[in-house]
Every structure is written in C-alpha cells, then in structure tokens.
Amino acid sequence: MNDVLLALMRTLSSLRSGRIWGYVLLPALVSLALSIVLAIWVLGGLVEQMLLYPPMSWLIGWGALWLAYLLAYLGGWMAIFAAAYLTASLLAAILVMPLLLKYLSENEYRDVAAMGKDSFVAAAVNSVVASLLFVAAWLLTLPLWLIPGLSLIVPMLLMAWLNRRTFAYDALSMHATEAEWAALQRQGKGPMFMLGLSMALFAHVPILGLLVPALAALSFVHYGLEALRRSRSGAVVTIEGERV
C-alpha cells in the first residue's frame with residue numbers, strides 16, 4: 001500500500017509541470033467532445049431503444065413510465081460515459097504513455113536502464129485487447145446494475161481492471177526485461193489493482209473523471225519504474241545514455 005501511495009503522491013507532484021498537464025488534458029478534451037456529440041446525436045435514440053427491452057418494457061407495462069425513462073436515461077448516460085472513458089484510455093495508452101515515459105525516464109528515473117522492447121505495436125495491441133475485454137465485461141454485467149449499490153461498484157471494478165491491464169504493461173514494456181516484467185507482475189498484482197482502483201474512484205467525478213485515464217497512465221509509470229528500480233537494487237543504471 002505504501003508503494004501505491006508513493007505513486008499517487010508522485011503523480012500529484014508531476015502536475016506541477018506544464019508539459020505533463022498538456023499530456024493529461026489531450027485525451028480528456030477529445031473524450032469531452034465525444035461525450036457532447038453522443039449526448040446530442042445518440043442519447044435520444046439510445047433511450048428509445050432501451051425502452052423496448054426488459055426491464056424498462058416491463059415497467060412501462062406496469063404503468064411506471066417515469067421509472068422506465070429514468071433507468072433508460074441512466075443507462076444511456078452510463079453508456080456514453082463508458083465510451084468517453086474508453087476513448088480517453090486508448091488515447092492515453094497509445095499516444096500519451098510514450099510521451100510520459102520519455103519525459104519521466106529522462107528526468108526522474110535516469111538511473112533505470114531501458115532493457116525491454118520499445119514496441120509501439122505490442123503496446124497498442126495490449127490496449128486494444130484490454131478495451132475489447134472491457135466492453136464485453138461492461139455489456140455482460142449490465143443486468144447487475146439494477147441491483148442497488150452494484151451500479152457504482154461494478155463500473156469501478158471494471159475500470160480498475162482496465163487501468164491495471166492497460167497501463168501496467170505499457171509503463172514497463174520498454175524498461176523491464178521479460179523476466180523482470182513477469183516477476184513484477186506477480187509480486188505487484190494486488191498493489192497494481194489497488195492503484196487502478198484508486199484512479200477509478202476519481203473517474204466518477206463529473207467531467208474531471210475524463211482526466212483519469214491519463215493520470216492513471218502517469219501513476220503507473222511512477223509505480224512501475226520505481227518498482228523496477230527497487231528490484232534491481234541499483235545493479236543496472238543508465239549513465240549518459242550507456243548501460244552499465
């Protein structure tokens with residue numbers, strides 16, 4: 001838990017940099033624009049479609065039209081939020097993560113040698129696969145959202161999983177060897193999920209939540225590179241661009 005708190009504190013500290021803010025805002029602004037477009041052009045039709053299926057259709061048959069519309073609009077807004085969050089996550093993973101890694105590795109983690117594979121394709125594939133699994137899990141768990149309380153818990157757990165699955169690998173793929181990644185993944189499975197969950201909690205803050213994917217990417221860079229630094233115990237460092 002101390003490692004998670006350290007990563008979160010360093011994430012906040014990094015926000016003193018204007019360049020970091022630029023990286024964080026990019027996915028959020030694109031996702032916000034997408035949310036507005038979907039709300040204007042898609043929400044109405046989505047609600048009408050949802051009213052045709054249970055449990056909304058049952059509620060209409062029972063005369064509870066207001067409740068059916070309430071649930072349909074809630075479901076529609078959650079679907080729009082999921083699409084916006086997923087878009088922000090993909091942008092953060094594919095476009096922003098390499099920039100964050102380059103910036104932090106050149107400033108705060110210069111002693112951590114890059115000994116992995118700098119594969120843009122592998123990172124992109126990892127992000128896309130995680131996104132597809134996230135969408136599938138989101139759709140499969142929709143019935144659970146009708147149970148009081150689960151409409152908050154289930155999305156948070158799914159977002160926590162998405163954060164860990166997407167950003168943990170991307171944060172370490174360039175710096176960690178395959179053996180190091182396997183060891184860190186095994187040892188940090190719990191802490192990395194807790195870090196993902198911590199960021200998922202902030203995702204439920206209106207508008208501000210769209211900043212979370214890029215912030216999650218930033219926090220996983222801090223967590224991953226610090227964990228790698230400790231695992232090496234100073235045995236592998238980078239000095240003036242050379243590995244020793």
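Modeller: A pocket is an open set of grid points with protein on both sides within 12 Å along at least five of seven lines, and its lining residues have an atom within 4 Å of a point. The model here is predicted.

Colleague: How many residues line the largest pocket, and which lie nearest its centre?

Modeller: The lining of the largest pocket counts 42 residues. Nearest the centre are L74, G75, W77, M78 and A79. The space inside is about 1000 Å³.

Colleague: Which elements give two or more residues to that lining?

Modeller: They are α2 (18-41), α3 (43-50), α5 (65-107), α6 (120-140) and α7 (150-172). Helix α5 supplies the largest share, with twelve residues.

Colleague: What is the make-up of the lining in nonpolar, polar and charged residues?

Modeller: It holds 37 nonpolar residues, five polar and no charged. Asp, Glu, Lys and Arg count as charged, so none of these four types is in the lining.

Colleague: Why is L46 called partly exposed?

Modeller: Its relative accessible area is 27%. Partly exposed runs between 20% and 50%, so L46 falls in that class. L46 sits in helix α3.

Colleague: What does L46 touch, leaving out residues up to four places away in sequence?

Modeller: G76 and A79. Each of these contacts rests on heavy atoms within 4.5 Å. The C-alpha atoms of L46 and A72 are 8.2 Å apart, with their places 26 residues apart along the chain.

Colleague: Why does S14 count as buried?

Modeller: S14 has 5% relative accessibility. Buried means under 20%, so S14 qualifies. It belongs to helix α1 (residues 2-14).

Colleague: Which residues does S14 touch, not counting those up to four places away in sequence?

Modeller: I20, L104, E108, L218 and H222.

Colleague: What makes D111 partly exposed?

Modeller: D111 has 30% relative accessibility. The cut-offs are 20% for buried and 50% for exposed, so D111 lies in between. Its place is the loop between α5 and α6.

Colleague: Why is the pairing of the D111 and R229 side chains called a polar contact?

Modeller: The distance is 2.9 Å. A polar contact needs a pair of N or O atoms within 3.5 Å, so the pair meets the distance limit. The C-alpha atoms of D111 and L225 are separated by 9.9 Å, at 114 residues apart along the chain.

Colleague: How do you know that P191 is partly exposed?

Modeller: P191 has a relative accessible area of 24%. That value falls between 20% and 50%, so the label fits. P191 is part of helix α9 (residues 189-202). Beyond residues up to four places away in sequence, P191 touches V4 and Y223. By contrast, P191 and L208 are 24 Å apart, C-alpha to C-alpha, at 17 residues apart in sequence.

Colleague: What is the order of elements in the whole protein?

Modeller: From the N terminus it reads α-α-α-α-α-α-α-α-α-α-β-β. That is ten helices and two strands. The C-alpha atoms fill a box of roughly 75 × 35 × 30 Å along the principal axes.

Colleague: What share of the protein's residues counts as buried?

Modeller: Of 244 residues, 44%. Each of those has under 20% relative accessible area. The protein exposes about 12600 Å², and carbon and sulfur atoms supply 71% of that area.

Colleague: Of the contacts between residues at least 6 apart in sequence, what share joins residues at least 24 apart?

Modeller: 83% of them.

How values were computed:
Residues are numbered from 1 along each chain as its sequence is written. This is a predicted model: local features need pLDDT of at least 70, side-chain atom pairs count only at pLDDT 80 or more; totals for chains, interfaces and linings use all residues. Side-chain values use heavy atoms; hydrogens and water are left out. On a 1 Å grid over the protein atoms alone, a cavity is a set of points where a 1.4 Å probe fits but cannot get out, and a pocket is an open set with protein on both sides within 12 Å along at least five of seven lines; lining residues have an atom within 4 Å of a point. Grid points are joined across faces, edges and corners, and a volume is the space filled by probe spheres set on the points. Helices (H or I, at least four residues) and strands (E, at least two) are DSSP runs, numbered from the N terminus. Buried means under 20% relative accessible area, exposed over 50%, partly exposed in between (1.4 Å probe, protein chains only). Accessible areas come from the Shrake-Rupley method with a 1.4 Å probe; for residues, only the protein chains shown count as cover. A polar contact is a pair of N or O atoms within 3.5 Å; within protein, one must be able to donate a hydrogen and the other to accept it, and residues adjacent in sequence count only if both atoms are side-chain atoms.
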